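Reader: I would like to go through this structure slowly, asking at each step what a term rests on. Could you take me through the reasoning?

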Amino acid sequence: MLNLFYTFMRRFCYYLGIAMIVCGMMPVITHGIWRSEGIWALILGGIFLLVLRQESFCSKIFGQHWHWMEGAVYGVLWAGILFALVLTIMIIQYAFFHFPPKDCETTLVVLGCKINGNRPTVMLRQRLDSAYRALEKDPSLNCIVSGGQGPDEEYSESHIMREYLIKKGIEPERIREENQSTSTQENLIFSRQIIAEAGWPDTITIVTSGYHQYRAALMAKRLGMKFYNRYAPTSFYLVPAYVVREYLGIVHFWMFGE
């Protein structure tokens, strides 16, 4: 029985490893994105699982200890899969089931991400399009576009975001820039200050990618903010790499509070 389990797990690790490498390579192949913890976690994790399947190779390295070490690795693997499943459920909850009620006055806060020259990247454009649909539907709704300027960026993210929404027809007076932040937590802190200065509703609707909503919600809760969520879709072939990156970000937040 134990041998059947080990045989199954070796085959499972083989197919899972290939899937992880393919998912990790998709952002690189389709958009040239490679500087992401999620991408490297998938690729390196996939390579590890493929090596794990090579029983003779591992036995040469670890000798007689390999048999119990292999079982321990499989136990950690299943614990990791269970942990990821729980986090995924939480991510889905905030991405799809925490919209603002129809009669609730809120201020949109659109979280920035990397820009490409003077244009938003695919990920950022999806967030802005989600915000645009909400702004177009409700003319009384106002918006903070939040994102500073990275070391390799010519403009602040907020500037590109604001220009994008204005070009799509949103009135400039309905959009305020927050251009000092360098993290999600700073996005929320600095946006709250601008909302207070503008006299806009202090209940916010966080607009970001679906996979990012749970971590943003954790930070908003910690800051004592009243909030709802409005997700932006993500291309299916980019989801695995960014969800894995988000797992790492959530654990980092739990450990360090940022």
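Author: Gladly, and please keep in mind that this is a predicted model. A place to begin is the pair E1 and E6, which run parallel and are joined by four bridges. Within that pair, threonine 107 has isoleucine 204 in E6 as its bridge partner.

Reader: What makes E1 and E6 a pair of strands?

Author: Two strands pair if at least two bridges are found between them, and E1 and E6 have four bridges, so they pair by this definition. The definition also applies to E1 and E4, because five bridges join these parallel strands. There, valine 109 stands opposite isoleucine 144 in E4.

Reader: In what order do the strands of the open sheet come?

Author: Five strands form the open sheet, with parallel pairing, in the order E5-E4-E1-E6-E7. The edges are strand E5 (175-178) and strand E7 (227-232), each of which pairs on one side only. On average, neighbouring strands of this sheet are turned by 25 degrees against each other, direction ignored.

Reader: Which strands of the sheet do helices H7 and H8 touch?

Author: Helix H7 (residues 184-198) packs on the sheet and touches E1, E4, E5 and strand E6 (204-209), its direction making about 135 degrees with that of E5. Helix H8 (residues 213-222) also packs on the sheet, where H8 touches E1, E6 and E7, and its direction makes about 160 degrees with that of E7.

Reader: Why is E1 called mostly covered?

Author: Buried means under 20% relative accessible area, and five of the five residues of E1 are buried, so the strand is called mostly covered. Thr107, Val109 and Leu111 point one way from E1, while Leu108 and Val110 point the other way, and all are buried. In a regular strand the side chains alternate between the two faces of the sheet.

Reader: How do you know that arginine 10 and glutamate 70 form a salt bridge?

Author: A salt bridge needs a side-chain nitrogen of Lys or Arg within 4 Å of a carboxyl oxygen of Asp or Glu. For arginine 10 and glutamate 70 the N to O value is 2.9 Å, so the pair meets the definition. The two residues belong to distant parts of the chain, arginine 10 lying in helix H1 and glutamate 70 in helix H4 (residues 66-96), 60 residues apart. Eight salt bridges are found in the structure.

Reader: Are arginine 10 and glutamate 70 buried or exposed?

Author: The relative accessible area of arginine 10 is 15%, and because the limit for buried is under 20%, arginine 10 is buried. Glutamate 70, at 1% relative accessibility, counts as buried by the same limit.

Reader: What makes glutamate 37 and arginine 245 a salt bridge?

Author: The closest N and O atoms of glutamate 37 and arginine 245 are 3.2 Å apart, and the limit is within 4 Å, so this is a salt bridge. Glutamate 37 lies in helix H2 and arginine 245 in helix H9 (residues 239-256), so the pair ties together parts that are 208 residues apart in sequence. Partly exposed covers the range between under 20% and over 50%, and therefore glutamate 37, with 49%, is partly exposed, as is arginine 245, with 32%.

Reader: Which residues are linked with Lys114 in a network of salt bridges?

Author: Arg35, Lys114 and Asp152 are linked in such a network. In it, the side chains of aspartate 152 and lysine 114 meet at 2.8 Å, N to O.

Reader: Why is tryptophan 34 called partly exposed?

Author: The relative accessible area of tryptophan 34 is 48%, which is not over 50% and not under 20%, so tryptophan 34 is partly exposed. Its place is in the loop between helix H1 (2-31) and H2.

Reader: Which residues form the nonpolar patch on the surface?

Author: Trp34, Trp40, Leu44, Ile47, Val51, Phe57, Ile61 and Phe62 form the nonpolar patch, with about 800 Å² of accessible area together. Helix H2 (37-52) and helix H3 (55-62) each supply at least two of its residues, and H2 gives the most, with four residues.

Definitions and conventions. Residues are numbered from 1 along each chain as its sequence is written. This is a predicted model: local features need pLDDT of at least 70, side-chain atom pairs count only at pLDDT 80 or more; totals for chains, interfaces and linings use all residues. Side-chain values use heavy atoms; hydrogens and water are left out. Patches are made of residues with over 30% relative accessible area and no salt bridge: like charges are joined within 9 Å, nonpolar side chains (Val, Leu, Ile, Met, Phe, Trp, Tyr) within 5 Å. Accessible areas come from the Shrake-Rupley method with a 1.4 Å probe; for residues, only the protein chains shown count as cover. Buried means under 20% relative accessible area, exposed over 50%, partly exposed in between (1.4 Å probe, protein chains only). Axes are lines fitted to C-alpha atoms, for helices over the stretch in contact, and angles run from 0 to 180 degrees between N-to-C directions. Contact means heavy atoms within 4.5 Å.
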